[in-house]
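Hi everyone, thanks for coming. I'd like to walk you through one structure this morning, so please have the viewer open and follow along.

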Amino acid sequence: MNNPLARSGSAIISQARLLKQWSRDLLHLQSEDIVTVSELSCVLPDCPPRETVIVVLFTSGETRQISIHKALLEVDHDDIVRAIAPNSA
């Protein structure tokens with residue numbers, strides 16, 4: 001099985017860190033809240049080939065998942081703004 005993240009590991013890590021920071025800033029998270037960023041692939045019909053998923057684990061126990069139908073390296077700040085907007089507290 002090929003690892004789609006292996007070919008540009010340092011770029012993926014840098015981009016994931018940036019997406020985490022943007023998410024923290026936009027959601028006004030506390031330092032104790034946890035943010036994870038993953039890129040998933042899908043082979044189902046009508047499913048995008050790559051999807052970036054941001055999961056926020058709040059200290060309150062709440063969890064929020066934000067999905068962006070783009071590869072992790074293609075996600076920009078505006079994509080996160082749009083994805084968060086309908087879910088903002």
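**A sheet, a core and some salt bridges**

Let's start with the sheet: three strands make up an open, antiparallel sheet, and their order is E1-E2-E3. E1 and E3 are the edge strands, each of them pairing on one side only. If you ignore direction, neighbouring strands here are turned by 20° against each other on average. Please keep in mind that we are looking at a predicted model.

Now let me zoom out for a moment. The protein has two helices and three strands, and from the N terminus on the order of elements is α-β-β-β-α. Of its 89 residues, 33% are buried. For those of you who like contact maps: take contacts between residues at least 6 apart in sequence, and 36% of them join residues at least 24 apart.

Back to the strands, and to E2 and E3 in particular. How many bridges join E2 to E3? There are six, and the two strands run antiparallel. In register terms, Val53 sits opposite Ser67 in E3, and Ile54 sits opposite Ile66 in E3. The hairpin of these two strands has five residues between them, and Gly61 there adopts a positive phi near 100°.

E3 is a nice strand to colour by burial. In a regular strand, side chains alternate between the two faces of the sheet. Here Arg64, Ile66 and Ile68 point to one face and are buried, whereas Thr63, Gln65 and Ser67 point to the other face and are not. Then there is helix H2, which lies across E2 and E3 and runs at about 130° to E3.

That brings us to the core. As a general point, nonpolar side chains in soluble globular proteins tend to be buried together. The largest nonpolar core in this model has 18 residues, and the ones touching the most other members are Leu19, Ile54, Ile66, Ile68 and Ile80. Which elements supply at least two residues each? They are helix H1 (9-27), strand E1 (34-41), E2, strand E3 (63-68) and helix H2 (77-84). H1 gives the most, with five residues.

Let me pick out Ile66 from that group. Leaving aside residues up to four places away in sequence, Ile66 touches Leu27, Thr52, Val53, Ile54, Ala83 and Ile84.

Thr52 was in that list, and it deserves a stop of its own. Thr52 belongs to strand E2, residues 50-57. Is Thr52 buried or exposed? Its relative accessibility is 0%, so Thr52 counts as buried. The side chain of Thr52 reaches the backbone nitrogen of Leu72 at 3.0 Å. Again leaving out residues up to four places away in sequence, the neighbours that Thr52 touches include Leu19, Val37, Ile68, Lys70, Ala71 and Val75.

Last topic: charges. There are four salt bridges in the structure, and I'll show you three. One is between the side chains of Glu39 and Arg50, at 3.4 Å from N to O. Glu39 is in strand E1 and Arg50 is in strand E2, so this pair ties together parts that are eleven residues apart in sequence. As for accessibility, Glu39 is buried, with a relative accessible area of 17%, while Arg50 is partly exposed at 26%.

The other two share a residue. Which three residues are linked in a network of salt bridges? They are Lys70, Asp79 and Arg82. Between Lys70 and Asp79, the closest N and O atoms are 2.9 Å apart. Between Arg82 and Asp79, the closest N and O atoms are 2.7 Å apart. Arg82 and Asp79 both belong to helix H2 and are three residues apart, about one turn of the helix.

It is worth looking at the accessibility of this network too. Asp79 is buried, with a relative accessible area of 7%. Lys70 is partly exposed at 28% relative accessibility. Arg82 has 53% relative accessibility; the cut-off for exposed is over 50%, so Arg82 counts as exposed.

To wrap up, the pictures to take away are the antiparallel sheet in the order E1-E2-E3, the 18-residue core and the network of Lys70, Asp79 and Arg82. Thanks, and I'm happy to take questions!

How values were computed: Residues numbered from 1 in each chain as written. Predicted model: local features only at pLDDT ≥ 70, side-chain atom pairs only at ≥ 80, totals over all residues. Heavy atoms only, no water. Helix = DSSP H or I, 4+ residues; strand = E, 2+ residues; numbered from the N terminus. Buried < 20%, exposed > 50% of the residue type's maximum accessible area, 1.4 Å probe, protein only. Polar contact = N/O pair within 3.5 Å; in protein donor to acceptor, adjacent residues only side chain to side chain. Contact = heavy atoms within 4.5 Å. Core = buried A, V, L, I, M, F, W, Y, C linked by side-chain atoms within 4.5 Å. Pairing = 2+ DSSP bridges. Axes fitted to C-alpha atoms, helices over the stretch in contact; angles between N-to-C directions.
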